[in-house]
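Subject: Structure for you, with notes

Hello,

Here is the structure I promised to pass on. Please open it first, then read my notes below.

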Amino acid sequence: MRTESITSAQNPKIKNLLLLQEKSRARREQGLFVVEGWRELEHCLEGGFTVRTLFICPEICPEELLPHNLTTLFSAGTGAPSVFEIPEQLYRKVAYRESTEGIIAEVEVKALSLEGLSLPENPLVVVLEAVEKPGNLGAVLRSADAAGASAVIVCDPLTDIFNPNLIRASIGAVFTVPVVAAASADVIPWLKARGIQILTAQLQDSSAYYDIDMRRSTAIVMGTESTGLTDIWRKAADAHIRIPMLGRLDSLNVSVSASILLYEAVRQRQA
């Protein structure tokens, strides 16, 4: 891999890297997003994403991740990314977190659509309506990966799927679990046409989650902690489920709820 050096924070490529990290509009317009850290980048490559640019800090980067050792990961010619070496002082300014291995990538967006989503027999799907915090969505993706969920569908999203905080919180699960953003009005008929039962997590008019059969094709639908699900989902549901709340509070973090409900589905399917 041929490399060039960048030493100034005023370099246009560094400015653009920061722009992609900070602005969803820039990510949409350029069709690029930022991945920081080898673990996340490895999952990204395994997921079939194309790396456009690599920024590597030799002082921090392990020997096996230096450009001459990464050649086999990228195809020759146009498939090979541009590689820039940057000094540690500059890397510290552009890195989101200190614990990464001195490697940052600009990656081409590869957005899935509902119609392009391939599901296995008897799928287990997570649907999130209007979840706003990237950290929550990233944590849900980690749970979805761990529980072997077939897909995560983000309805009416208030954060973009390639937000750097989401990628960081998911530890790369955004690349290991198929993720689709779509409108609720499109997702509901899509699920019903495939015979996938819709289970909405809500306190009102609901049954304990462990009393509902999740062995069949299932979509677990959750909303925000503050407002819950909208009526479109409540009316479309085949069953309403709840997690018993025995204290004074009436809700759990959405990522915690997702973990509980997903692993109930796993328990039932393995019984």
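The buried residues of α6 pack against β6, β7 (151-155), α7, α8, β8 (179-182) and α11. Bear in mind that this is a predicted model.

**Helix α6**

Which residues of α6 are buried? They are Pro134, Asn136, Leu137, Gly138, Val140, Leu141, Ser143 and Ala144. The helix has 13 residues. From first C-alpha to last it reaches 18 Å, close to the 18 Å expected at 1.5 Å a residue. After α6 comes glycine 148, with a positive phi near 70°.

**α6 against α11**

Two packed helices are described by the angle between their axes and the distance between the axes. Here α6 covers residues 134-146 and α11 covers residues 254-270. Their axes come within 8 Å and cross at roughly 15°. Angles under 35 degrees count as roughly parallel, so α6 is roughly parallel to α11. The crossing of the two is right-handed.

On the α6 side, the contact residues are Asn136, Ala139, Val140, Ser143, Ala144 and Ala146. They meet Val254, Ser255, Ala258, Ser259, Leu262 and Tyr263 of α11. By type, the residues of this contact are eight nonpolar, four polar and no charged. Val140 is among the buried residues of α6, and Val140 also takes part in the contact with α11.

**Arginine 142**

Arginine 142 sits in helix α6. Is it buried or exposed? Neither: its relative accessible area is 45%, so arginine 142 is partly exposed. Leaving out residues up to four places away in sequence, arginine 142 touches Ala169, Ser170, Ile171 and Ala173. Its C-alpha is separated by 9.0 Å from that of serine 255, which is 113 residues away along the chain. Serine 255 belongs to the α11 side of the helix contact.

**Two backbone points to look at**

Most residues other than glycine have a negative phi. Isoleucine 171 has a positive phi, near 50°. This residue is in the loop between α7 (164-170) and α8 (173-176). Isoleucine 171 is also one of the residues touched by arginine 142.

Asparagine 122 has a positive phi too, near 55°. Look for asparagine 122 in the loop between β5 (103-108) and β6 (124-129). With a relative accessible area of 30%, asparagine 122 is partly exposed.

Best wishes

Methods
Residues numbered from 1 in each chain as written. Predicted model: local features only at pLDDT ≥ 70, side-chain atom pairs only at ≥ 80, totals over all residues. Heavy atoms only, no water. Helix = DSSP H or I, 4+ residues; strand = E, 2+ residues; numbered from the N terminus. Buried < 20%, exposed > 50% of the residue type's maximum accessible area, 1.4 Å probe, protein only. Axes fitted to C-alpha atoms, helices over the stretch in contact; angles between N-to-C directions. Parallel < 35°, antiparallel > 145°, perpendicular 65-115°, else oblique. Left-handed = near helix turned anticlockwise from the far one by under 90°. Contact = heavy atoms within 4.5 Å. Nonpolar A, V, L, I, M, F, W, Y, C, P; charged D, E, K, R; others polar. Expected span 1.5 Å × (residues − 1).
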